[in-house]
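Here is a protein model to look over. Some short questions and replies on its side chains come after it.

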Amino acid sequence: MKDGREFRHHNAGRPGNTREPDDREEVEAKSHDLAAPVTGVARSRKLCETVWNLEGIKDVRTLRPLLRA
């Protein structure tokens, strides 16, 4: 401040950062909150399930219908 005072505040971080990553349930909840209004509840859940199992997908084009609005 002009009078020489200093103010400091340390924010330990919020959930979802690299030190405190969100757990799977939090990621899914946020994903559904954002996607469901656009894709619908059933498709947003299927999209989440598919992404969690991405290693098992033989053709990534199977994601395309899940991502359409």
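What follows covers salt bridges first, then two helix residues.

Me: What kind of model is this, and which atoms enter the side-chain values?
Reply: This is a predicted model, where local features need pLDDT of at least 70, side-chain atom pairs count only at pLDDT 80 or more, and totals for chains, interfaces and linings use all residues. Residues are numbered from 1 along each chain as its sequence is written, and with hydrogens and water left out, side-chain values use heavy atoms.

Me: How many salt bridges are there?
Reply: Side chains of opposite charge can pair when their charged atoms come close. A salt bridge here needs a side-chain nitrogen of Lys or Arg within 4 Å of a carboxyl oxygen of Asp or Glu. By this rule the count is 5.

Me: Is D3, which pairs with R5, buried or exposed?
Reply: D3 and R5 form a salt bridge, 2.7 Å from N to O. Buried means under 20% relative accessible area, exposed over 50%, and partly exposed in between (1.4 Å probe, protein chains only). R5, at 46%, is partly exposed. D3 has 53%, so it counts as exposed.

Me: Which residue forms a salt bridge with R24?
Reply: Helices are DSSP runs (H or I, at least four residues), numbered from the N terminus. R24 and its partner sit in helix α1, 4 residues apart, about one turn of the helix. R24 is partly exposed at 45%, and the partner is partly exposed at 23%. The closest N and O atoms are 3.1 Å apart, and the partner is E28.

Me: What separates the closest N and O atoms of K46 and E49?
Reply: Both residues belong to helix α2 (residues 41-52) and are 3 residues apart, so about one helical turn lies between them. K46 is partly exposed at 42% relative accessibility, and E49 is partly exposed at 44%. Their salt bridge has a closest N to O distance of 3.9 Å.

Me: Which residues does H32 contact, leaving aside neighbours within four places in sequence?
Reply: H32 lies in helix α1. Its relative accessible area is 15%, so H32 is buried. Contact means heavy atoms within 4.5 Å. With those neighbours left aside, H32 is in contact with P37, S44, R45 and C48.

Me: Which residues does T39 touch, not counting those up to four places away in sequence?
Reply: T39 is part of helix α1, which covers residues 24-39. At 13% relative accessible area, T39 is buried. Beyond four places in sequence, T39 touches S44, L66 and R68.

Definitions and conventions:
Helices (H or I, at least four residues) and strands (E, at least two) are DSSP runs, numbered from the N terminus.
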